[in-house]
Amino acid sequence: MKRIGWTALFFLAACSSAPQYDLVLSGGRVIDPATGLDAVRNVGILGGSIAAVSTEPLAGRRVVDVGGLVVAPGFIDLHQHQQDLAAYRLKAQDGVTSALEMESGVPDLPAFLEARRGGTPINYGATVSQEAARVRAWGLALDTSQMGPAAAIDDPASGPATDDPPTAAQLERLIGVLRTGLDAGALGVGMGLEYTPGATFEEVLQMFRLAAEYGRGVYVHLRGESGGSSLPAVEEMIAASDSTGAPVHVVHINSSCLAEAFDCLELIAKARAAGQDVTTEAYPYGAGMTSIASALFNPGWRERRGIDYSDLELPATGERLTKARFDELHDAAKPEYVLIHMNPDSLVDAIVASDLTMIASDGLPSHPRGAGSYARVLRRQVRELGLMSLPDAIRQMSLLPAMRLESATAAAGRKGRVQEGADADLVVFDPATVTDRSTYAAPQLPSEGFRFVIVAGTPVVDEGRLVETALPGRAIVADPR
C-alpha cells in the first residue's frame with residue numbers, strides 16, 4: 001500500500017510539472033511543408049505561438065482529439081480585394097488565416113490598418129496602390145472604396161489617369177505617394193498595368209527601383225496582350241526585376257496569360273533558374289471578374305482576349321451581354337462588376353497544379369473565388385482529379401505565400417509552418433469531406449469541412465462553427481528599413 005501511494009504521488013507530481021498549453025491538437029496528421037513532416041503528432045499552442053510538435057502526449061487547458069484530420073499551416077491569400085468583416089469570415093471558413101490586398105494595394109495604409117485594428121478574425125495587410133497613386137498624381141479625387149473601410153479603390157474608369165503617360169511632375173508625385181505608403185509599412189507596390197495602359201516602361205522602372213530601395217516586392221497585374229500575345233508583358237516584368245533587383249510577383253497568371261499560361265510559366269521558370277526572384281499565382285476558376293468601366297475594356301478588348309460580348313455575365317442576374325448592353329454599362333463609367341468567361345477548366349486545373357504557382361483567390365463578393373478557392377483546390381485538384389498531392393497543395397497555399405512575404409517582413413518566417421516557435425495560425429480539416437459550396441449563382445456560400453481554423457492561438461472556427469466573437473487578427477506590415 002505504501003509503495004502504491006508513493007507511485008501515485010510521483011505520477012501527480014509529474015503531471016503537475018508537465019507543460020500546460022492553452023490548446024492541444026491531439027493525434028492529427030501534421031503536414032509541415034517547410035520540413036516535409038507528414039506524420040501523426042500532437043501540437044501544443046501557448047499564447048499565439050506553436051510551443052510543441054511532439055510524438056508524446058501533451059497536457060493543456062483544452063485538449064482536442066483531431067485523429068483522422070489534417071493539421072496544416074493556415075492558408076495565406078495574397079490577393080483578396082474585399083477587406084471587410086463579412087469577407088474575412090468567409091475566408092476563415094475557407095481555411096484562410098491571412099488575407100492580404102497585394103495586387104491593387106490601398107491608397108492610405110495607416111487608415112487601412114487603423115480601420116481593422118482589433119476587429120478582424122484573420123490577419124490583414126496590403127501594398128501601396130499604383131492605381132490610386134496615379135489618380136492622385138493627376139490631381140483627381142479618389143472614390144470611396146467599395147472593398148471595405150479604407151480598402152482598395154475600384155479600378156479607375158478609363159480616362160487620363162489610366163490612359164495617359166505621366167509628365168515628369170506627375171511621375172514625381174506618383175512616386176511620392178508610393179514612398180509615403182512604403183514608409184508606413186506597405187508590404188510592397190501593387191501595380192495594375194492592364195488598368196493603367198498609359199504607364200510607360202520608365203514609370204514601371206521607377207516603381208521597381210523604389211521597391212528595391214525598400215527591399216520589397218512588386219505585385220503586378222500584367223499589361224494586356226500585345227500583338228496577340230501575353231509573353232511580352234511577362235518579359236517586361238522580368239526585365240524590370242532583373243535591372244533593378246526588386247522581386248516581382250505576377251498575379252493570376254491563369255487569367256492574364258489565358259491559352260499562353262504555360263508559355264508564361266516557362267518564362268518565369270527560366271528567370272528563376274537564372275537566379276531572379278520571380279513568382280506567380282493562380283485561382284481555381286475559369287471565369288474572371290472586373291469592372292466594366294475599367295481600361296481593360298478599352299477598344300480592342302475582344303481581340304486582345306479572344307472573347308466576345310456574350311462571354312460577359314452580370315453576376316446578380318446571370319444576364320449575358322450583347323453589344324448594346326455592354327455599351328450601355330461601359331459608357332455609364334460606373335464600377336459594375338462582370339464575370340468574364342475565358343478559360344476552360346482543363347487549363348485552369350493544370351495551371352493550379354503547377355509547382356510554380358501559389359494559390360490566391362482574387363477575392364470579390366460577387367465571385368465564388370472569394371469564399372471557396374482553397375476548399376475547391378482541396379476538393380477538385382487534390383481529391384477528385386488527383387492532379388496534386390495534399391502536401392503540395394498545402395505548400396502552395398501556405399509556405400510559398402509566406403516565403404514571398406519574407407523580403408518585406410521577418411514575421412512571415414513564422415507563418416506557413418507547423419513548427420515550434422511558428423505563429424499558431426493553423427487549419428484542421430477532413431481531407432475526405434472538405435468542399436467548396438460557393439457558385440457563380442450563389443457566390444457567398446461558405447466552405448465546409450474545416451473543423452478548426454486558428455489565428456494567433458484563438459479558434460475562429462471551432463468544431464466546424466464560425467466563432468463570431470473571436471477577433472484575433474493582426475496587421476502584417478513591413479519591417480522598417
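Contact here means that heavy atoms lie within 4.5 Å of each other. Everything below refers to a predicted model.

**View 1. Eight strands line up in an open, parallel sheet.** Reading across the sheet, the order goes β6-β7-β8-β9-β10-β11-β12-β16. The two edge strands are β6 (75-77) and β16 (357-359); each has a single partner strand, so one side of each is left without a neighbour in the sheet. Ignoring direction, neighbouring strands here are turned by 30° against each other on average.

**View 2. Helices α4 and α6 pack on the sheet.** Helix α4 (residues 130-137) touches β7 (96-106), β8 (123-129) and β9 (188-192). Its direction makes about 45° with that of β8. Helix α6 (residues 168-183) touches β8 and β9, and its direction makes about 155° with that of β8.

**View 3. Strand β8 sits between β7 and β9.** On one side, β8 is joined to β7 by five bridges, with the two strands running parallel. One pair to look for is leucine 100 with its bridge partner in β8, glycine 125. On the other side, β8 pairs with β9, again in the parallel sense, over two bridges. Here valine 128 has valine 189 of β9 as its bridge partner. Getting from β7 to β8 takes you over helix α3 (residues 109-116), and the three pieces make a right-handed β-α-β unit. How much of β8 is buried? Seven of its seven residues are, so the strand is largely enclosed by the rest of the structure.

**View 4. Strand β16 joins up with β12.** Three bridges hook β12 (residues 278-282) to β16, and the two run parallel. Glutamate 281 finds its bridge partner in methionine 358 of β16.

**View 5. Zooming in on threonine 357, a residue of strand β16.** Is threonine 357 buried or exposed? Its relative accessibility is 0%, and buried means under 20%, so threonine 357 counts as buried. A polar atom of the threonine 357 side chain lies 3.0 Å from the backbone oxygen of isoleucine 351. That side chain also reaches the backbone oxygen of valine 352, at 3.4 Å. Which residues does threonine 357 contact, leaving aside its neighbours within four places in sequence? Ile351 and Val352 turn up again, along with Thr280, Glu281 and Ala282. The rest of the list is Ile253, Leu265, Gln396 and Leu400.

Key. Residues numbered from 1 in each chain as written. Predicted model: local features only at pLDDT ≥ 70, side-chain atom pairs only at ≥ 80, totals over all residues. Heavy atoms only, no water. Pairing = 2+ DSSP bridges. Helix = DSSP H or I, 4+ residues; strand = E, 2+ residues; numbered from the N terminus. Axes fitted to C-alpha atoms, helices over the stretch in contact; angles between N-to-C directions. Buried < 20%, exposed > 50% of the residue type's maximum accessible area, 1.4 Å probe, protein only. Polar contact = N/O pair within 3.5 Å; in protein donor to acceptor, adjacent residues only side chain to side chain. Right-handed = clockwise from strand over helix to strand, strands pointing away.
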